[in-house]
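User: I'm new to this structure and would like to know what the labels people put on it rest on. Can we go through some of them together?

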Amino acid sequence: MASAVEAPATVAEGQTSHTLNQAARLSPYQLRMLHGGINPNRVRNLRGLAHLEAWDVRRQLIRIFGFGGFSIETLALDLVHNHGQEGFRRKNKQGEFYGDPFTAWTVVYRAQVRLTVFDTSGREICHWEDGAAGDAVNQPSVGDAHDMAMKTAFSQALKRCAVNLGDQFGLSLYNDGSRDAVVGFSAAHPPQEWKQQPAPLPEPDDPPVKPEPGMPAPDADEEPSTSPAAEAEPVERPAAAPSERLGVLLRQVADCWNSRNLLVFNQIGEDAAQHGVLDEQFTDKRGVVTTLRKVLDDRIAEIQAQGGDAGRDAA
């Protein structure tokens with residue numbers, strides 16, 4: 001889990017305005033942006049689940065904290081798995097082999113990352129640390145496999161750190177995929193500090209976000225929104241509120257959806273069975289009543305048909 005560590009603040013000795021020992025502060029513009037709901041165009045819908053792109057998270061960090069207003073440090077990078085399978089052949093969706101045999105490389109890394117944000121004077125406000133695993137499966141190039149797995153681990157760890165900054169970094173998406181702000185108020189930053197501040201002009205008008213180059217293409221059944229009203233709808237609208245545990249597991253599925261690692265999805269299924277939520281019903285974005293068992297079974301069948309067995313990156 002992410003850990004937040006606040007920078008130590010000292011008290012100014014006098015009524016000075018720009019001394020180094022003043023507590024770090026956010027500007028009214030920054031507070032206004034952080035309290036707002038996320039732009040629906042920044043959210044991708046994959047199989048009815050919400051997803052943020054790592055490059056877009058970096059873009060929003062730059063917008064709010066400025067160039068040089070944050071830092072991303074790699075605390076640890078560990079090779080978890082590295083294997084080459086000779087004579088591998090790919091399969092199509094019908095389960096038929098195609099192409100020439102090759103050595104298929106599967107690689108898994110785990111990254112530990114620290115995200116630090118600064119005020120406009122360069123003083124640290126806070127930092128968070130979190131980790132994630134990233135994998136690549138059946139790659140014909142061992143170099144590409146390592147690069148892909150490392151990139152995925154870094155990206156996922158960064159997103160997990162950034163979510164501590166609230167709705168602009170995906171916090172509301174944990175509330176059944178909602179794009180409406182869930183923070184709204186912070187006692188440390190009362191509304192009089194920022195609410196009267198008009199929005200900066202021109203405000204960003206972002207087109208729908210696209211996947212990062214070199215990352216997996218979205219699934220064929222990804223459904224782009226057709227109107228602002230549709231874009232503002234939650235990614236999932238359960239007929240009955242899912243249990244807390246089911247919500248946690250659905251978010252895990254969303255985080256690793258593009259993975260080809262069968263073990264990951266099997267472990268989620270075992271966890272769901274142990275907590276009695278594997279067959280709990282919910283309604284996905286398409287209005288279809290389904291269960292976690294059905295979602296997992298369908299995904300596992302796709303992976304098997306494509307010849308995957310140990311992972312694929314999803315930043």
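User: Why is E302 called partly exposed?

Analyst: This is a predicted model, and in it E302 has a relative accessible area of 22%. Partly exposed runs between 20% and 50%, so E302, at 22%, gets that label.

User: And R299, is that one buried or exposed?

Analyst: R299 comes out at 2% relative accessibility. Buried means under 20%, so R299 counts as buried.

User: What makes E302 and R299 a salt bridge?

Analyst: Their closest N and O atoms are 2.7 Å apart. The cut-off is within 4 Å, so the pair qualifies as a salt bridge. As for where they sit, both belong to helix α7, three residues apart, which means about one helical turn separates them.

User: Which residues are joined into one network by salt bridges that share partners?

Analyst: That would be R42, D56, R59, R63 and D206. Over the whole structure, a search turns up 12 salt bridges.

User: How do you know that R114 and E73 form a salt bridge?

Analyst: Here the closest N and O atoms are 3.8 Å apart. That is within 4 Å, so the pair counts. R114 lies in strand β5 (residues 97–118) and E73 in strand β4 (residues 70–91), so the bridge ties together parts that are 41 residues apart in sequence.

User: What are the accessibility labels for R114 and E73?

Analyst: R114 has a relative accessible area of 22%, and E73 has 32% relative accessibility. Each value falls between 20% and 50%, so R114 and E73 are both partly exposed.

User: What about D119, why is it called buried?

Analyst: D119 is at 5% relative accessibility, and the buried label applies under 20%, so it fits. D119 also forms a salt bridge with R123, with closest N and O atoms 3.1 Å apart.

User: What does I72 in strand β4 touch?

Analyst: Leaving aside neighbours within four places in sequence, I72 is in contact with R58, V113, R114, L115 and L158. I72 and V113 are 41 residues apart along the chain, yet their C-alpha atoms are separated by 6.9 Å. At 30% relative accessibility, I72 lands between 20% and 50%, so it counts as partly exposed.

User: Now the helices. At what angle do α6 and α7 pack?

Analyst: Helix α6 (residues 262–274) and helix α7 (residues 292–305) pack at an angle of about 165 degrees, and their axes are 10 Å apart. Angles over 145 count as roughly antiparallel, so α6 is roughly antiparallel to α7. The crossing of α6 past α7 is left-handed.

User: Which residues make that contact?

Analyst: On α6 they are L262, F265, N266, I268, G269 and A272; on α7 they are L292, L296, R299, I300, I303 and Q304. By class, the contact of α6 with α7 has eight nonpolar, three polar and one charged residues.

User: How do α1 and α2 pack?

Analyst: Helix α1 (residues 28–35) meets helix α2 (residues 54–65) at an angle of about 145 degrees, with axes 9 Å apart. The contact uses Q30, M33 and L34 of α1 and Q60, R63, I64 and F65 of α2. Its residues divide into four nonpolar, two polar and one charged.

How values were computed. Residues numbered from 1 in each chain as written. Predicted model: local features only at pLDDT ≥ 70, side-chain atom pairs only at ≥ 80, totals over all residues. Heavy atoms only, no water. Axes fitted to C-alpha atoms, helices over the stretch in contact; angles between N-to-C directions. Helix = DSSP H or I, 4+ residues; strand = E, 2+ residues; numbered from the N terminus. Parallel < 35°, antiparallel > 145°, perpendicular 65-115°, else oblique. Left-handed = near helix turned anticlockwise from the far one by under 90°. Contact = heavy atoms within 4.5 Å. Nonpolar A, V, L, I, M, F, W, Y, C, P; charged D, E, K, R; others polar. Salt bridge = Lys/Arg side-chain N within 4 Å of Asp/Glu carboxyl O. Buried < 20%, exposed > 50% of the residue type's maximum accessible area, 1.4 Å probe, protein only.
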